[in-house]
Amino acid sequence: MSAMVELECWLVYQYVATECSHCLFMTESTFKARDIGLRAQKKILSRMAGKNIAKVFIDDVTASLLDNLYRLAKQYSNNKKEAEKLIKNIIKVVIKLGVLHRNNLLTDEDLRFAEKFKNKFRMAAMTIISFYEVDFSYDRNYLVQVLGDSQKILQSIICRHLTDKSVNRVESVFSFFGNERFLDAIFKRDSEYREALGRVVNDLNKGIENGDL
């Protein structure tokens, strides 16, 4: 990326990270991802002019999904810092891809891969919903494959424009949420994580219904 785009990414993330330190990572009950995104957008736009400036916008469904993914990860790992890092990695990747797109730095091929990723990830979301809602439907190998395919497509875009750190961030997120032991634990009958997973599924359903997924 150009120096200007890198600066935009850094400024947006620094503001998001600062806001996060006062909410999600201090007390998860007060975390509101949508508020973080909107405040970051307003702050950056008020300080820097130009139609190509990076904007961070997190809608209600995405905000809720991030909240609940954090809670699920924290409950499973019993490690607040690890859960925090996962969400930070998601935010960083989303910001950088958003900046690339708004600065017209994604090629036609990149955009085709982005659409392919969206379709594959939507399939993964629908699979998770089905496994949660339909008894005895859980198929670990299928879900691992779909998530793995999603990861490969996303990384094929990222590796052309961003550093290895960004590739590794994607790796860390998919390695956690696509881990076989994690999946077995959350989809197990009478799982202690069923309530937390149910909130994630509810967000996924909403995302599919409103066309975000």
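1. In this predicted model, the end C-alpha atoms of residues 66–93 lie 14 Å apart, and the span is 93% helix and 0% strand. The stretch is worth a look since an unreviewed UniProt entry annotates residues 66–93 as a "coiled-coil region". What does the model place inside that stretch? The loop between α3 (60–77) and α4 (80–102) is where N78 is found.

2. N78 deserves a check of its backbone. Its phi is near 55 degrees, a positive value in a residue other than glycine. Is N78 buried or exposed? N78 has a relative accessible area of 72%, and residues over 50% count as exposed, so N78 is exposed.

3. A second residue can be read in the same way. D190 has a phi near 60 degrees, again a positive value in a residue other than glycine. D190 sits in the loop between α8 (180–187) and α9 (194–209). With a relative accessible area of 74%, D190 is exposed.

4. For the overall fold, the protein contains 9 helices and 0 strands. Read from the N terminus, the order of elements is α-α-α-α-α-α-α-α-α. The protein has 213 residues, and 46% of them count as buried. Take the contacts between residues at least 6 apart in sequence: 71% of these join residues at least 24 apart.

5. Next, the interior. In soluble globular proteins, nonpolar side chains tend to be buried together. Here the largest nonpolar core has 50 residues, and those that touch the most other members are F177, I186, F187 and L204. Two or more residues of this core come from each of α3, α4, α5, α6 (140–161), α7 (164–177), α8 and α9. Which helix gives the largest share of this core? That helix is α4, with 9 residues.

6. I186, one of the core residues named above, can be followed by its contacts. Leaving aside residues up to four places away in sequence, I186 touches L72, S191, Y193 and L197.

7. V167 is a useful example from helix α7. V167 has a relative accessible area of 18%, and the cut-off for buried is under 20%, so V167 is buried. Which residues does V167 touch, not counting residues up to four places away in sequence? They are Q155, I158 and C159. V167 and L154 are 13 residues apart in sequence, while their C-alpha atoms are 8.9 Å apart in space.

8. The last topic is empty space. Rolling a probe the size of a water molecule over the atoms shows where empty space is left. The second largest pocket holds about 230 Å³ of space. How many residues line the second largest pocket? There are 14, and D135, F187, K188, R189 and R194 lie nearest its centre. F187 is also among the residues that touch the most other members of the largest nonpolar core.

9. The lining of the second largest pocket can be sorted by source and by class. Helices α5 (108–133), α8 and α9 each supply at least two of the lining residues. The lining of this pocket has 8 nonpolar, 5 charged and 1 polar residues.

Technical notes: Residues numbered from 1 in each chain as written. Predicted model: local features only at pLDDT ≥ 70, side-chain atom pairs only at ≥ 80, totals over all residues. Heavy atoms only, no water. UniProt positions renumbered as here; feature names shortened; annotations may be inferred. Helix = DSSP H or I, 4+ residues; strand = E, 2+ residues; numbered from the N terminus. Buried < 20%, exposed > 50% of the residue type's maximum accessible area, 1.4 Å probe, protein only. 1 Å grid on protein atoms, 1.4 Å probe; cavity = no way out; pocket = protein on both sides within 12 Å on 5 of 7 lines; lining within 4 Å. Points joined across faces, edges and corners; volume = space filled by probe spheres on them. Nonpolar A, V, L, I, M, F, W, Y, C, P; charged D, E, K, R; others polar. Core = buried A, V, L, I, M, F, W, Y, C linked by side-chain atoms within 4.5 Å. Contact = heavy atoms within 4.5 Å.
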